[in-house]
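Trainee: Could you walk me through reading side-chain contacts in a model like this one?
Mentor: Sure, let's have it on screen.

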Amino acid sequence: MALLTALFAFLYHLPQVYKWLLKPYYIASLFMSVAFLLIRKTPGICEHLSTQREDGNSCDFDWREVEILMFLSAIVMMKNRRAITIEQHLGNIILFCKVANVILFFRLDIRLGLLYLTLCIVSLMTCKPPIYMGPEYIKYFSDKTIDDELEKDNRVTWIVEFFANWSPECQSFASVYADLSLKYNCAGLKFGKVDIGRYSEVAKKYRVSTSPLSKQLPSLVLFQGGKEIMRRPQVDKKGRAVSWAFTEENIIREFNLNELYQKSKKLGKTKGENYNDSYFK
């Protein structure tokens with residue numbers, strides 16, 4: 001039953017998957033991921049490559065190459081156990097495929113290894129992962145507006161994501177956060193985002209580290225009356241984030257969104273009643 005559910009879910013999202021795969025970043029990454037396979041298997045090229053196979057067949061993988069591919073495949077499977085979205089799964093596969101290609105090309109010929117590494121760097125600089133552009137009810141803050149918005153109305157609860165555009169984890173989380181804003185945004189519960197990769201002073205003030213080693217990106221903080229109530233992930237005394245999965249279910253449970261949403265909707269009704277009373281006076 002679980003397999004059927006997963007299959008139906010994949011088929012339902014298939015049109016969206018095609019849209020992602022047809023973007024320049026994924027097209028370039030696909031070719032980069034299978035580069036060694038193409039070189040090793042293409043007639044007219046593979047015959048000129050060196051090999052450690054006993055039969056001397058340079059158009060097939062030798063035992064060491066198979067060993068490297070199997071090892072990195074196991075790492076991808078372990079890494080994807082914590083992946084939430086399709087983008088994260090694809091990102092992990094692409095990353096480790098490129099790592100495998102670098103190792104295999106350098107082992108085959110140092111010149112091919114340097115050429116491939118250069119192509120990876122050029123690709124990284126010119127082809128950025130696609131940014132989520134779907135529907136959302138999210139307010140984007142700057143360093144000059146965040147404090148005023150959080151303190152404007154003490155009755156409004158804010159959930160703010162502190163993110164950086166260069167972070168793959170933030171890019172993958174974007175669609176999840178957008179879905180939550182569509183489901184739970186109301187007069188008394190609002191969703192915001194601030195790019196602390198751009199506004200470093202905001203990162204310092206709200207104690208969110210932008211270092212990849214801290215694993216604090218993204219960070220979700222709940223504000224009520226302009227004051228922080230809770231955040232995820234939590235941070236230990238050494239400034240390292242406590243491991244936490246940014247799934248929609250975890251966020252709804254930890255931030256108690258269902259109950260918070262029911263309470264926050266009352267603010268909208270109160271505002272409407274006050275408006276009607278003042279209008280007819």
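Mentor: We'll go through salt bridges, then rings, then an annotation from a record.

Trainee: What should I know before starting?
Mentor: This is a predicted model, where local features need pLDDT of at least 70 and side-chain atom pairs count only at pLDDT 80 or more, while totals for chains, interfaces and linings use all residues. Residues are numbered from 1 along each chain as its sequence is written, and side-chain values use heavy atoms, with hydrogens and water left out.

Trainee: How many salt bridges does a search of the whole structure find?
Mentor: The term means a side-chain nitrogen of Lys or Arg within 4 Å of a carboxyl oxygen of Asp or Glu. Here the search gives 19. Take Lys205 and Asp147, whose closest N and O atoms are 2.7 Å apart. Lys205 sits in helix α10 and Asp147 in helix α8 (residues 146-152), so this pair ties together parts 58 residues apart in sequence. Helices here are DSSP runs (H or I, at least four residues), as are strands (E, at least two), numbered from the N terminus.

Trainee: Is Glu248, a partner of Lys183, buried or exposed?
Mentor: Buried means under 20% relative accessible area, exposed over 50%, and partly exposed in between (1.4 Å probe, protein chains only). Glu248 has 18%, so it counts as buried, whereas Lys183 is partly exposed at 48%. In their salt bridge, the closest N and O atoms are 2.5 Å apart. Arg232 and Glu254 also form a salt bridge, at 2.8 Å from N to O; Arg232 is buried at 13% and Glu254 partly exposed at 27%.

Trainee: And the rings: why is the pair Phe162 and Tyr206 called tilted?
Mentor: Rings of Phe, Tyr and Trp (its six-membered ring) pair if their centres lie within 6.5 Å; planes under 30 degrees apart count as stacked, over 60 as edge-to-face and the rest as tilted. The structure holds 11 aromatic pairs. For Phe162 and Tyr206, the centres are 5.5 Å apart and the planes at 40°, so that pair is tilted. Phe162 is buried at 0%, and Tyr206 is buried at 10%.

Trainee: Where does UniProt place the feature "transmembrane region"?
Mentor: UniProt positions follow the numbering used here, feature names are shortened, and annotations may be inferred rather than shown by experiment. The unreviewed UniProt entry gives residues 25-43 and 114-134. In the model, residues 25-43 are 84% helix and 0% strand, with end C-alpha atoms 28 Å apart.
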